[in-house]
Structures are given as structure tokens and as C-alpha cells.
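This report looks at how a protein chain surrounds its ligands and how distant parts of that chain are linked. The sequence and the structure come before the discussion.

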Amino acid sequence: MSELPREDTPVNLDSPMPGDSTPLSQLHWQRFHVSYAYPVAFSRGVFEPANPILADLIARVEPDKRHRCLFFIDDGLMRVRVHLVSQIERWCSQHADRVELVGHFRVAGGEAIKTHSVHLEAIHDAIMECRIDRHSYVIGIGGGAVLDTVGLGAATAHRGVRHIRMPTTVLSQNDSGVGVKNAVNFKGVKNFVGTFAPPWAVVNDFDFLDHLPQRERIAGIAEAVKVALIRDRPFFEWIEANAEALTEFKRSAEEHMITHCAKLHMNQIALGGDPFERGSARPLDFGHWSAHKLETLSDHEVNHGEAVAIGIALDTRYSVLSGRLRQGEDERVAALLERLGFRLYHPALARRDSAGRLAILAGLDEFREHLGGELTVTLLSEPGTGVEVHRIDPGLVGGALEWLALREANS
Ligand SMILES: NC(=O)c1ccc[n+]([C@@H]2O[C@H](COP(=O)([O-])OP(=O)(O)OC[C@H]3O[C@@H](n4cnc5c(N)ncnc54)[C@H](O)[C@@H]3O)[C@@H](O)[C@H]2O)c1
Ligand SMILES: [Zn+2]
């Protein structure tokens, strides 16, 4: 067997031209590194005229240029922040030396934008119509669903234009908005069409949360419980101690929960060794194999954060039933989620397919297929420590579901 050239061998430009005695196949390694860095800001009043933070981030590489910016704004946000567009217009004229407003579009908020392809097409249309190029900016302002769709639109127009995320829900500020992924749903499968595309910058403005419906404001806390349980025991204990302050939306508690959770996510992406998830593991997706399926099974009656809360309770109970986690920790986690305001059961969990199998179990196949490779699910060995497993026992999942159903019946 012939020996392959080493990966670090430079391409040989002196290899003979075809036609003489060259062997039919040659093999050269193409190899380069691209490093990514993007700022994530936590602030308030970003569109107050004197606030320079967004302009600073837009102009951070070419400070002496005027930068063309196209905004896409979540419809749900616009309904409660009726003056937002005029604020953005005023802010842009205040910073006209560095920012040129080329347009603003209102886009559907919530899962609808990810579910119907017309929305992504409209984003591409607007980017084309406004002649956004790779040195201009697409700025998405909204919840995780809007950011996912606008991010995908920006990542695919011209093979990728600069995009800035301005998350406006708790969940998008502490989780999805600071990461590198985007996606839309396809034929009933969550996040089937998407890319990894690190943003140019992320700006979290806590003021946006003031108008967020209570249900959404609570939902995002589930991601903080999730990352605390698999990575950070002191943070989990902090959430336990501050559950009431969080449900009362006390400013300092909410801001700490969001910033700490966002930083844990950022650390995982930067230091976890697999930012673009090329391996089989999805370390941050504790509680998510069932959550994604439940969102679809419930026809999005349960939102992402609520489904994650149920998924966390399910996988925590499963961790106990499979002998990995001390008995009683399941009760502790479920009780915390309930104190935070989550319901831990939905009738769709009991649904069965035509073969009599629990429909939720299909979530395991979809979870594995999303990445390929071996099934890898994160469970708990103790609060604050996640462990990866490669096999899930359907019987024990059934047992964990019964436990959740019983809790609901007794509540
Ligand atoms: N890309 C990722 O890494 C990643 C990670 C986690 C979740 N997600 C995705 O994020 C989505 C969920 O995002 P979400 O929880 O932010 O909810 P969402 O985007 O579905 O928004 C929820 C609702 O709140 C409205 N809204 C948004 N901001 C508002 C505000 N400030 N005031 C009032 N209303 C407002 C929206 O219009 C919508 O009706 C899911 O599609 C999920 O798959 C993506
Ligand atoms: Zn999530």
C-alpha cells in the first residue's frame, strides 16, 4: 500500500504536468485555519441616541467608513415597542458618520418564521433589493426564531454577509443568540435546514425584556437550569436560592442569570473543542432529545423553553432510574422547575405511534440523525456534572414519563 503524504506537506507546485509519466492520481492536502472572534455586549438602551455601542461594534474593523445596515425586526416585539422603528431611525441619523440605514423590515415572530419557507425567501429578497454585500450588515432584532431565520438568510446570501444579532427574549439572550448556529424547520423536522455561521457581534439589550410576555420570560430560565445542571453546580444552587427573585423578574437576578448562562454557553463553544459539532456529541443539549420532539408533537403548543424544562425533568429522572444519579436529586430538580413556573407534563408525551411505541422516542432517532455518528445523550451523575451515554432504554423512558404524569396528577 502506498503511503499518503503527511497532512502538513505543502502542495508540490513542481509536480510534472499531465501527459508525461505522471501517475493517474495525485494526492495533496489542502489545509488552512480560520479563527473566529466576535464580541457579545450586555447593555441597556442600545437605541438611545447617545448610546454608541452598536455603532462601535459595526465599525470595529473599518472605523472611518460608513456602514450600510439592513434591519429585520420581530413582529411580536414591534407590537409592544411601537416606537422602535422611529428610535432606530433617530439613532442611525445620530450615528450617520458610521451607520447608513438602508432599510427595515418587519418579520413574523415565533416558530412561524422558521416553519414556512416564504419567510426566509422574503429575507433573501430584502437583502437583494437593498443591495447588501459582504461588507454591509444584516441586523436581526428579535427572539430566537427570528434570529435563527435572519441568521440563515444572512449566512446564505452572497455565501455569507456580516450579521449582528440583537436577541430580545430571555432564551435568545442567554442561549441561542450568543452561539454560532442558525436553522429553519423543514417538513416537520426542527432545525433541518441551517448552517454554522458565527455572527459579527451580539448585542443583548435587557430593556427589550420589559415587554416580554411572562410566559416567554420564564421559558428562557430553563436553558439556565440546563447548563447549570451539566456544568456548574454553584450556579444551580444560585438558581435554587434565587428562584423567587427570578420569577418576580428582579432586575439584578435576571441579569445575572442571563449573563452567567450566556458565558457558560460561550465557554462551551470556545473551549469545548467542537464549535461546529462535527463529532457525535451535543454537550449543551441536555434535556433536548425529547424537547425538540415534544415541540413538534404538541404542534408548538409547548414552546422551546417549556419543552426543555420537561426534557430536563425527564432526563434527570432517567438518570436516577438508570442508576447514575442519587435518588432524590430528580425530585429536587423537578421541584425547582415547578417553583420557576414550569409544568412538567404534556399529554403529547403519552402519544403512541401505529406500532404502539411511545411517539416521543422518535426524538432519539432524530437527535442522532441531526449529527450522525453514534447516539450521544447527556445525563447527570450529580447536579453540575453531565455524563455522556450512548444507549437509552425505552422502558426506563416510559418509567420516567409515568413519574412525570403522576406528579402532574398529584399537583
Ligand atoms: N440557534 C440556536 O443555537 C438555538 C438554540 C436554542 C433555541 N433556538 C431556537 O430559538 C427558538 C425559540 O426562541 P425564543 O424562546 O427566543 O422564542 P421566539 O423567538 O419563538 O419568540 C417568542 C415570542 O416572543 C415574541 N417576542 C420576541 N421578543 C419580544 C419582546 N422583547 N417583547 C415581546 N414579545 C417578544 C416573538 O414575536 C414570539 O411571538 C426556537 O425556534 C429554538 O429552536 C435556537
Ligand atoms: Zn435549547
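The paragraphs below take up the ligand sites, then the salt bridges, and then a patch on the surface.

The model is predicted, and every value given here is computed from it. Around ligand 1 there are 26 residues, of which Asp74, Gly144, Thr168, Thr169 and Lys190 come nearest. By character, the residues of this shell divide into eleven polar, eight charged and seven nonpolar. Three helices, α2 (75-80), α6 (144-156) and α7 (170-174), each supply at least two residues of the shell. Polar backbone atoms also approach oxygen atoms of ligand 1, as the table sets out for Gly76, Gly144 and Ala145.

| Residue (polar backbone atom) | Distance to an oxygen atom of ligand 1 |
|---|---|
| Gly76 | 3.4 Å |
| Gly144 | 2.7 Å |
| Ala145 | 2.9 Å |

Taken alone, ligand 1 exposes 870 Å², and the protein buries 87% of that area.

Ligand 2 is a zinc ion, and its protein donors are Glu223 through OE, His288 through NE2 and His304 through NE2, which lie 2.0 to 2.2 Å from the ion. Along the chain these donors follow the spacing E-x64-H-x15-H. Because Glu223 lies in helix α9 (residues 221-231) and His304 in helix α14 (residues 304-321), the pair ties together parts that are 81 residues apart in sequence.

A search of the whole structure finds 27 salt bridges. In one of the salt bridges, the side chains of Glu244 and Arg339 meet with an N to O distance of 3.2 Å. Glu244 belongs to helix α11 (residues 243-247) and Arg339 to helix α15 (residues 329-339), so this pair ties together parts that are 95 residues apart in sequence.

On the surface, Phe32, Val34 and Tyr36 form a nonpolar patch, and together these residues have about 370 Å² of accessible area. Tyr36, one of the residues of the patch, is found in the segment before strand β1 (40-43).

Methods: Residues numbered from 1 in each chain as written. Chains lettered and ligands numbered in written order. Predicted model: local features only at pLDDT ≥ 70, side-chain atom pairs only at ≥ 80, totals over all residues. Heavy atoms only, no water. Near = heavy atom within 4 Å. Polar contact = N/O pair within 3.5 Å; in protein donor to acceptor, adjacent residues only side chain to side chain. Areas by Shrake-Rupley, 256 points an atom, 1.4 Å probe, with all protein chains shown as cover. Helix = DSSP H or I, 4+ residues; strand = E, 2+ residues; numbered from the N terminus. Nonpolar A, V, L, I, M, F, W, Y, C, P; charged D, E, K, R; others polar. Patch = residues over 30% accessible without salt bridge, like charges linked within 9 Å, V, L, I, M, F, W, Y side chains within 5 Å. Salt bridge = Lys/Arg side-chain N within 4 Å of Asp/Glu carboxyl O. Donors = N, O, S within 2.8 Å, 3.2 Å for Na, K, Ca; no water.
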